[in-house]
Amino acid sequence: MTDLELLRNHIEQYIQITDAEFEQFIVNFHHRKIKKKDFLLREGDTCKYEAFVTKGCFRIYYSDEKGDAQILYFAVESWWATDIDSFINQRPSILNIEALEDSEVLLINKPHKDLLYETLPKVEKMFRIMNQKSLVTFQRRVISSLGKTADKRYLEFIEKYPDLEQRLNQQQLAAYLGISHEFLSKIRKKLSGK
């Protein structure tokens, strides 16, 4: 599947779009390749783009006071990667977006996205629905982090994202779960013994 087919399939999960509308939509994006360990966004820079991932995997994280990575989420094929606060408000980001694999994205900047909202109103509906779903996901993640044991958070992660676990190293998954990689090893060992 090509990058554009992947994007169109994604769009059509939310709205119906004609060929002409899709052409109008995609001219606002540009393609970029990002090598493993390179950054799409670094803390302190202003987020100029929303990125639709067509290949690869990114981690979106901030560094805490000890310099440890606190991972908010991962973005893989057909997911979006951005710092929404920095992008909307055009202020310096506190997040980093790093490629964990050789990756490719389709990028849209804020002026082009705003133009799409004006010229193709159904796109605003699509992004509104996507943002609502993202808020639900983040709300569930916060509730899970506050109210569930690490074992349950790990089991939920592998149930919800079975393919993603294979693409991450133990430190990355542990940082996402908010535990040490040693503790994650203990959880895996305990669960494999069941």
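**Figure 1. Histidine 30 has leucine 107 of strand 8 as its bridge partner.** This is a predicted model, so local features need pLDDT of at least 70, side-chain atom pairs count only at pLDDT 80 or more, and totals for chains, interfaces and linings use all residues. Residues are numbered from 1 along each chain as its sequence is written, and side-chain values use heavy atoms, with hydrogens and water left out. Strand 8 covers residues 103–109. It pairs with strand 1 in the antiparallel sense. Five bridges link the two strands. (Strands, E, of at least two residues, and helices, H or I, of at least four, are DSSP runs numbered from the N terminus; two strands pair if DSSP finds at least two bridges between them.)

**Figure 2. Four strands make an open sheet.** Their order is 1-8-3-6, and the pairing is antiparallel. Which strands stand at the edges? Strand 1 and strand 6 do. Each has a single partner strand, so one side of each is left without a neighbour in the sheet.

**Figure 3. Aspartate 3 lies in helix 1.** Its relative accessible area is 21%, so aspartate 3 is partly exposed. (Buried means under 20% relative accessible area, exposed over 50%, and partly exposed in between, with a 1.4 Å probe and protein chains only.) Which residues does aspartate 3 touch, leaving aside those up to four places away in sequence? They are His31, Thr54, Glu104 and Leu106. (Contact means heavy atoms within 4.5 Å.) Leucine 95 is 92 residues from aspartate 3 in sequence. In space, the two are 26 Å apart, C-alpha to C-alpha.

**Figure 4. The whole structure holds ten aromatic pairs.** In one of them, the ring centres of phenylalanine 29 and tryptophan 80 are 6.3 Å apart. Their planes meet at 50 degrees, so the pair is tilted. (Rings of Phe, Tyr and Trp, with its six-membered ring, pair if their centres lie within 6.5 Å; planes under 30 degrees apart count as stacked, over 60 as edge-to-face and the rest as tilted.) Phenylalanine 29 sits in the loop between helix 2 (19–26) and strand 1 (30–34). Tryptophan 80 sits in strand 6 (residues 80–81). The pair therefore ties together parts that are 51 residues apart in sequence. Are the two residues buried or exposed? Phenylalanine 29 is buried, at 12% relative accessible area. Tryptophan 80 is buried too, at 14%.

**Figure 5. Phenylalanine 157 and tyrosine 161 form a tilted pair.** Their ring centres lie 5.3 Å apart. The planes stand at 55 degrees, so the pair counts as tilted. Phenylalanine 157 is buried, with 4% relative accessibility. Tyrosine 161 is buried as well, at 18%.

**Figure 6. Six aromatic residues form one cluster.** The members are Phe25, Phe29, Phe52, Trp80, Tyr117 and Phe127. Phe127 is also among the buried residues of helix 5. The others in that buried set are Val123, Met126, Ile129, Met130 and Ser144. What do the buried residues of helix 5 pack against? Their partners are helix 1 (3–11), helix 2, strand 3 (49–55), strand 6, helix 4 (110–119) and helix 6 (150–160).

**Figure 7. Twelve salt bridges turn up across the whole structure.** Side chains of opposite charge can pair when their charged atoms come close. (A salt bridge is a side-chain nitrogen of Lys or Arg within 4 Å of a carboxyl oxygen of Asp or Glu.) One of the twelve joins glutamate 156 to lysine 148. Their closest N and O atoms are 2.3 Å apart. Glutamate 156 is partly exposed, at 32%. Lysine 148 is partly exposed, at 34%.

**Figure 8. Aspartate 151 forms a salt bridge with lysine 190.** The closest N and O atoms are 2.4 Å apart. Aspartate 151 belongs to helix 6 and lysine 190 to helix 9 (residues 181–192), so the pair ties together parts that are 39 residues apart in sequence. Aspartate 151 is buried, at 16%. Lysine 190 is partly exposed, at 44%.

**Figure 9. Glutamate 165 forms a salt bridge with arginine 188.** Here the closest N and O atoms are 3.0 Å apart. Glutamate 165 lies in helix 7 (residues 162–165) and arginine 188 in helix 9, so the pair ties together parts that are 23 residues apart in sequence. Glutamate 165 is buried, at 13%. Arginine 188 is partly exposed, at 26%.

**Figure 10. Arg8, Glu12 and Asp19 form one network.** Salt bridges that share partners join these residues.
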